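Q: I have a sequence and a model open. How do I read the features one by one?
A: Take a look at the model, then ask.

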Amino acid sequence: MSHRLESLVIRHTYRIPAFEGPAGQGAVVARQFDGALMSVGFKLSAPLLTRLSGMDERVVADIAGRTLATVREIVGDHVRHNAYFIDFPANVPDTLDFWMRCIREALADDKTREGTLKQLTTGVVDLLTLPSYGRYQHTYAEMLTHHDELIAAAGDRMTVLHAGGTVEDEVGALYLALAGSRTPLGEDHLRDLEVLAEACVGGEQPAEIPVRENRAVINKARLGVGSALLLDTVTDVLRLACALSEGDVSLVEPTKFRGLSRPARRALLAGLDAVIGASPAKLADVAVHREVWKRLGERLHPHEYPQWPEAARVFAVARGDERVRSFASRTEELLGAGELIGAVELLQSAPGLLLRSVDRLLRTAATDSERDAVLSAVEAVVPEVAGRVLLSVRQHLLNRGDRLEQDGARRVFINRLGRAWVTQDDRPALPVAAQERLRALLDREIAGRLPDPGRVLVDPDVLDVALPLSGKAVASGIGVLPRGSVSRVDGERLRFFTYWKQRQETTDYDLSALVLDEDYEQITWLSYTQLTELEGRHSGDITEAPDGASEFIELRLGAVRGTFIVPEVLLYSGESFLDVEESFFGFMLREGEQKGRPFEPRTVRMKSELRGPGRVALPLVFRRGGDGQWYAHWLHLFLKGMPRANRVEENHVTVERLLRGIVEREQLTVRWLLDLMRAEVTVWDGTSVPEGPVTYIGMQRPEGLHPESRVLTPENLRDVIPV
C-alpha cells in the first residue's frame, strides 16, 4: 500500500497501521519519535510505543518520518508561519503611526519618493504602493530569534496516536466507513474516498451506499476495472459522468464535460437504458437537470447506439421532444387546485419528499381531518424514510415553536456550499397538537432504529456537539466539529491564524475579528485598519503570498468588552478560497505568559481548510456565557461579500443579522440522542475506564479501553446516524 493511503488512515482515525519488519532494539528511536510528536501536540499511546520499541530502529525511523509529516500537515505546522510585526503580539504599533512610518520610508526611497509625494498632494495614499507595506521585512529565521521558547502548560493540546491493524485492514475499514456513510461527505473526504475506492475496488464492498455522491466516485473506480456499475436512477448516471470529467458529483456546480472514451460512453448509455427499461417513470427525473443532460448528450452521441433506445429517450426528454410530467409539477398542480388529499396520496410514493414537505402540508390543511390525513400518511411511510431525513425534520421542529410567532423571528437558510442567508419568518405557527404528534412519531421511529449501545461512557465535552447530518461545507482538519456544535474554550489568550499561498495571481487575504455586544451590535474590531484595541493585537497586513503568508490576531479574553467574538477571513483581492494553492484557518489557546512563536502547534485547538465559494469566511463564533465562560459555536459559513476590497467594518451589519439567526438556532446534539436512547450513561471523569466493553463517545479515544469497545469521536460521529 502507498504512503498516501497510510497517511489517509492516520488523518481519519489517528491510528498508525502495523508494519511488517524485523524485530530489533527500537526503543531509543521510538522515544525520540514520541518526543518529536509531543512538540507538535501528538503522542504515542503506551501500546504503540511498546510495539515500536520492539522493531528495528531503521523501520521505526522510517515510520516516524512519514507520520510526523502527516501530523504536521494536520495541525498546520508543515509551513512556516511568519508575522509582519516581528515581535507579535508585543510591540504592535498604533495603526496611524505605522502607516505614517511606511510613508516616511517611501519618501526616503528614491524609487517611490515622487509617486508618494504626488499621492500626498491628493490627500489619499494607496498603502499598496508603499514598499514596506504588506511585505515581510524580515526572514522566518530572524523572526524566531525574537521569541522565547514556548513554556509547556497543562492546557496544551495532546492528541494520542493509537496502534492500528495492518495497512490493508486499516485501509479497507476506512473505505467501508466512508463509502457506507449515511450522511454526505465533505469535499476533502469525498476526494479521499475516490483514492480509497481505486485501491479497494477489488476487495470487500459496503452492504449499501446510501449517499449518491459516494456511489458516483465508487462507480468511477468500478468502471475503471470493468466491474458492474451501481445504478438505479438516471441521476446516478449523470453523477458518474461528472465524476469521469473531474466535476461536481453533487450537481451543485456546473461540470465541463470532457471527451469520453468509447467504453465509457457505452457504459453510461447501457446504464441509462437499463434504468429506464426497468422503470420508465424515472424519466421524470430528467427535468431536474435538463440543461446538464443536454450538454452530456453532446459528448455521449446516443444516436450512434440504436441498441439502447431507452437511453435515447432520456435525451429526448431533456430536449423537450418527449414530454414527461415531473413529480414536482404533478404535486404543485394538485396543491394549486386545493386537492391536498390528492397531493398527500401522490407524495406517499416518495416517502422522503413527503417528510420534507410535511410543514407545508400541515400549514395548507384547513381542517383537523386534513391534518390527520397528512400525519396518518407520514405514519404509514416513515419506516421507509432515511434516518438522516428523519433527523433533519426533527431538527426543523425544534425551531418551529411558539417563539416563531413573536416579532423578529428569523428563518435561516444554509445551502450545501456553506452559503447562508436569513429572512423574517412569516409562516404561521403549526398547530400544537400536530407538532406534538409529529415529534412523538419521529422520536419513536428514530429510537427504534438505534442499536442497543450497552453501557455508554461519555466525555462531557462532546454532549453539545451537533449530530453531523451532513459533512457538506465542513472542511477537514483537527478539532473541527459539525455546524451548530458548541464547545468550551479554556485559556487566557485566544489567537486566530490564517495561512494562504497563491497559485498564480497576487492574492491578499485579511484576517479580522468583530467584537459584538449581547444584542449583536458592533463594539469594535481588529483588522489591518485597526491593529490594536483594548481586546488585542493584529500581527500586520500581508498583501501577497507567492511563498505563503500568515496573519494572526490575539485577544485577551478577560479584556473583551462584548459577548461575541467573530473571526473572519476576507478576500481583499486575487484568488478565491477555491483557487489558491492552499489556505486554512484555526485558533490557538495559551495560558498566562507561555511566550513562544506566533504559531505553536501544541497550542492549536482547531485548524481547518478554507474551501468555499464566497469571499468572506466565517468558520465559527465565540460567545461569552452567562457564567462568564467562553464557548465556540461552529458555523462553517461563506458569505458572498464584495467583488474586491472586503473589509470587516463594512460587512458587520450582514454578519450581525446572520449570527442572530444562527447562534440562537437549536440543534440535535449528542445529549439529545443519549436521552432518546435511554441507555445506561456514565459521564467520564477523565481518569479510569471500565474493564469491560463500552460504547465510548468523546472528543478522542482514551487509552485503556477494552478492545471490543465501540469508539465514537468527531472523526466518525456520522456513524450514529441511523439507517
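**Reading the core, the strands and the helices**

Q: Which residues does phenylalanine 496 touch, beyond its sequence neighbours?
A: This is a predicted model. Leaving out residues up to four places away in sequence, Phe496 touches Leu511, Ala513, Glu551, Phe552, Ile553, Leu555, Ile565, Pro567, Phe585, Gly586, Phe587 and Phe622.

Q: How many residues are in the largest nonpolar core, and which have the most contacts inside it?
A: The general idea: in soluble globular proteins, nonpolar side chains tend to be buried together. Here the largest nonpolar core has 131 residues. Those with the most contacts inside it are Phe42, Leu467, Phe496 and Phe622. Helix α4 (residues 57–75) supplies the largest share of this core, eight residues. Another core lies apart from it, with 28 residues. Val234, Ala241, Leu283 and Ala311 are among them.

Q: Which way do β9 and β15 run, and how many bridges join them?
A: Look at the bridges between the two strands. Nine of them join β9 to β15, and the strands run antiparallel. For one pair, find Trp500: serine 583 in β15 stands opposite.

Q: What about the other pairing of β15, with strand β16?
A: β16 covers residues 604–609. Its pairing with β15 is antiparallel, over five bridges. Here Phe584 of β15 stands opposite Glu609 of β16.

Q: How many residues of β15 are buried, and which point each way?
A: Strand β15 spans residues 582–590, and nine of its nine residues are buried. Sort them by direction. Glu582, Phe584, Gly586, Met588 and Arg590 point one way. Ser583, Phe585, Phe587 and Leu589 point the other way. Both sets are buried.

Q: Where does β13 fit, and how many of its residues are buried?
A: β13 runs over residues 549–556. Seven of its eight residues are buried, so the strand is mostly covered. Now its partners. Strand β9 (residues 493–501) is joined to β13 by eight bridges, antiparallel. In that pairing, Arg493 has Arg556 in β13 as its bridge partner. Strand β12 (residues 536–538) also joins β13, through three bridges and again antiparallel. There Arg537 stands opposite Glu554.

Q: What span does helix α22 reach, and what is expected?
A: Compare the end-to-end C-alpha distance with the rise of 1.5 Å a residue. Helix α22 (residues 652–663) has twelve residues and reaches 16 Å from first C-alpha to last. That is close to the 16 Å expected.

Q: Which residues of α22 are buried?
A: They are His652, Val655, Glu656, Leu658, Leu659, Gly661, Ile662 and Val663.

Q: Is glutamine 395 buried or exposed?
A: Compare its relative accessible area with the cut-off: buried means under 20%. Gln395 has 13%, so it is buried. It lies in helix α20 (residues 387–398).

Q: What does glutamine 395 touch, and with which side chain does it make a polar contact?
A: Again leaving out residues up to four places away in sequence, Gln395 touches Leu469, Glu666, Gln667 and Leu668. With Gln667 there is a polar contact between the two side chains, at 3.3 Å.

Q: How many disulfides are there?
A: A disulfide is a covalent bond between the sulfur atoms of two cysteines. The search looks for cysteine sulfur atoms within 2.5 Å. The count here comes to zero.

Q: Are cysteine 102 and cysteine 242 buried or exposed?
A: Cys102 has 1% relative accessibility, so it counts as buried. Cys242 also has 1% and counts as buried.

Note on methods. Residues are numbered from 1 along each chain as its sequence is written. This is a predicted model: local features need pLDDT of at least 70, side-chain atom pairs count only at pLDDT 80 or more; totals for chains, interfaces and linings use all residues. Side-chain values use heavy atoms; hydrogens and water are left out. A nonpolar core is a set of buried Ala, Val, Leu, Ile, Met, Phe, Trp, Tyr and Cys residues joined through side-chain atoms within 4.5 Å. Buried means under 20% relative accessible area, exposed over 50%, partly exposed in between (1.4 Å probe, protein chains only). Helices (H or I, at least four residues) and strands (E, at least two) are DSSP runs, numbered from the N terminus. Contact means heavy atoms within 4.5 Å. A polar contact is a pair of N or O atoms within 3.5 Å; within protein, one must be able to donate a hydrogen and the other to accept it, and residues adjacent in sequence count only if both atoms are side-chain atoms. The expected span of a helix is 1.5 Å times one less than its number of residues. Two strands pair if DSSP finds at least two bridges between them.
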